[in-house]
Every structure is written in C-alpha cells, then in structure tokens.
Amino acid sequence: MHQRLLPSFIIIGAAKAATTWIAHQLRSRGDVFLPGPEPHYFSRAYDRGAAWYESLFAAARPGQLIGEKSADYLASPEAPARAAALLPRAKLVAQLRNPVERAYSDYCMLYRRGQVGPEIDRYLDRHLTRTPRFLDDGLYARHLARWLDRYPAEALKVILYDDIRGAPEQVLGEVCTLLSIPSVPVDREQVRERKNDSEAPLVPMALRRLPSPVKALVAPLRGNRLFENLRNTIARPVRYPPLSDALREKLTDFYLDDVEVLSHLVGRDLTAWTPARLPV
C-alpha cells in the first residue's frame, strides 16, 4: 500500500518574523525534511491539488520528519480549514514580531524589489492604503483564533521574534520539544546572512527591470570576476523610506486592541509592542 508523504508540522508565519531562520535550523538536520521553496498550498496554490502538494515531499528519506514553511498561512482566511482537512494532526509553529516592525519590514522588502513606491504613508497609513497585507497581516490574535478553531492549543507553538534574537537556543529547543525530536546547536551564521541580505547593495532599478531575453544573455557572466567588479561598481545601498514617529504612532494605535487580546491568548507580556502613549 502506498504511504502518503505529507507534513507532520507546518511553520505558518508570520511573514517577516524570521520564519526562514527556524526553517533553516530544521532543514539543516538529517532527520527533518522541508522542501526548499514555500509551497503556499493552503493559501494561494490550493487549486494545484493534493497530489501536487504531496509530490513536494517525494524526496524525503525514510524516517525523516516531514514539514513545510509557508509564511502567508497565518494570515490566510482559508488556510486553517484547508490544512485541518488534510493534516488534522499536524503541529503548528507560529512566529510573531512586533506588528509595527513587521509591517515596516514587509514594506521595505517590497520597496527593495521595486514593487512599491517611496510614499510610505500610502502603504502603512490605514486611511490611505490600498495594500491591506501590510497592516492586516499583523493582526495576530485574529489570525491565530482561526487556527485554534481547527487545531487544539497543544498543537500550536507560538514563538516571538525577540526571543529568537535573545535566546535562539531556547527557542529551537522548544520547537524540537513540540516536534518530539532532539535539540541541536543553533546555526548563528544563517541569521547574520539574512540580516546582511536586506543591506546588500543593488544595481539601479532600470537594470534590474531589463527584459528577460537580455537577462538570459547576461546570466552566464555571473561569477565572472570582471562582470562582478562592474556590478559592484554601479551597485548602491538601498535607502529605505524612514518610518516617522507620527506614522509609528498610528500603527501602534491600529494594533493596540489586537495586541491586548494576543497577550492573553499566548500568555505573554507584550506591552513593549504598544508603549504607553503620552497624555493629550
């Protein structure tokens, strides 16, 4: 009888909260298998079907614990029910970051890619934005409630971005305990690489938007010393639009009620995310 290869655990997000870090820590073990790209199956690739999803885990070796990471699952309205239907006994790992910092980091990522403009208020001011992902994805209590409607509380491990920065060994150990696998040392170098990635210089946008045929001609030159020297000569650091104090306060107000609910939901003091506002 064919034994289906499906995940025993899912890292569900949030986006821009170091989900890549925990996925790397687990993927680097010999007893765990995670596919490289994020499947996004239960969110935006559901129409590809369960057979396609299962095929992503075909390379897992016998005895390996299978998992996957798709950082958009947490905020997806459809993902909890879809996941529970196929993986009712899966363990869930959610990573949460100060929602104001998460929203700004998400904006900076798309700004770096040239997908949003420099007028930051147009994206992060709730009265102006037409891109709801920046704000809505940080409403963690609302999103976790949907997952807890489908999964028991003991199946969900919530970890905080600040905990990863301050005590990565403890965080990894707690995740390993959830997954019933032995703890291993933390790979700190990968965290450093991810941080530097957002700071790496880029060539001008006009060159990054060259037509695909031109990029295909240039691709074989990558790694060539003269080519890389030329690239480094014209590349410049990305200067991200700053998050003003006024906009930060608006974001803090937007998340205030959700953070209060979340604090009770996860049993953590989250007042650092919503510092007291000065009296009027």
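This is a short talk on the fold, the aromatic pairs, one helix packing and a few local details of a predicted model.

Hi everyone, and thanks for coming. Let me begin with the overall picture. The protein chain has 280 residues, and 42% of them count as buried. Its secondary structure comes to 14 helices and five strands. If you take contacts between residues at least 6 apart in sequence, 76% of them join residues at least 24 apart. Please keep in mind that this is a predicted model as we go through the details.

Now to the aromatic residues. How many aromatic pairs are there? The count comes to 15. Let me show you one of them, F42 with Y53. The ring centres of F42 and Y53 are 5.1 Å apart and the planes meet at 65 degrees; since an angle over 60 counts as edge-to-face, that is the class of this pair. Where do the two partners sit? F42 is in the loop between β2 (32-33) and α2 (50-55), while Y53 is in helix α2, so to speak on the other side of an 11-residue separation, and the pair links distant parts of the chain. Both F42 and Y53 are buried.

Y53 has another ring partner, F57. Here the centres are 5.0 Å apart and the planes stand at 85 degrees, so Y53 and F57 are edge-to-face too. Are these two residues buried or exposed? Y53 has a relative accessibility of 0%, so it counts as buried. F57 is likewise buried, with a relative accessible area of 0%. If you step back, F42, Y53 and F57 belong to one aromatic cluster, together with Y41, Y46, W52 and Y73.

While we are on rings, have a look at Y161. Which residue lies over its face? That is R97, at 4.3 Å from the ring centre.

Next, a helix pair. Helix α4, residues 99-112, packs against helix α14, residues 245-266. Their axes are 9 Å apart and the angle is about 125 degrees. That angle is between 115 and 145 degrees, so α4 and α14 are oblique to each other. Which residues make the contact? On the α4 side we have P99, V100, E101 and A103, and they meet R248, L251, T252, Y255 and V259 of α14. By class, this contact has six nonpolar residues, one polar and two charged.

Let me turn to three single positions, beginning with D125. This residue lies in the loop between α5 (121-124) and α6 (133-136). Is D125 buried or exposed? Its relative accessible area is 5%, so D125 is buried. Setting aside neighbours within four places in sequence, D125 is in contact with L135, L247 and K250.

The second position is L144, in helix α7, which spans residues 140-148. L144 is buried as well, with a relative accessible area of 1%. What does L144 touch? Not counting residues up to four places away in sequence, the list is L74, A94, L96, L156, V158, L262, L265 and V266. Taking L156 from that list, it is 12 residues from L144 along the chain, and the C-alpha atoms of the two are separated by 9.4 Å.

The third position is V238, in the loop between α13 (225-234) and α14. V238 has 22% relative accessibility, so it counts as partly exposed. V238 and R112 are 126 residues apart in sequence, yet their C-alpha atoms are 7.0 Å apart in space.

I'd like to finish with some backbone geometry, in the loop between β1 (9-13) and α1 (19-27), where A14 lies. A cis peptide bond joins G13 and A14, with omega at about 15 degrees. Further along, K16 is in this loop between β1 and α1. Phi of K16 is near 65 degrees, a positive value in a residue other than glycine. K16 is partly exposed, with a relative accessible area of 26%. A18 is also found in the loop between β1 and α1. For A18, phi is near 75 degrees, again positive in a residue other than glycine. A18 is partly exposed, at a relative accessible area of 22%.

That's my tour; thanks for listening, and I'm happy to go back to any of the views.

How values were computed
Residues numbered from 1 in each chain as written. Predicted model: local features only at pLDDT ≥ 70, side-chain atom pairs only at ≥ 80, totals over all residues. Heavy atoms only, no water. Phe/Tyr/Trp six-rings, centres within 6.5 Å; stacked < 30°, edge-to-face > 60°. Helix = DSSP H or I, 4+ residues; strand = E, 2+ residues; numbered from the N terminus. Buried < 20%, exposed > 50% of the residue type's maximum accessible area, 1.4 Å probe, protein only. Lys NZ or Arg CZ within 6 Å of the ring centre and 35° of its normal. Axes fitted to C-alpha atoms, helices over the stretch in contact; angles between N-to-C directions. Parallel < 35°, antiparallel > 145°, perpendicular 65-115°, else oblique. Contact = heavy atoms within 4.5 Å. Nonpolar A, V, L, I, M, F, W, Y, C, P; charged D, E, K, R; others polar.
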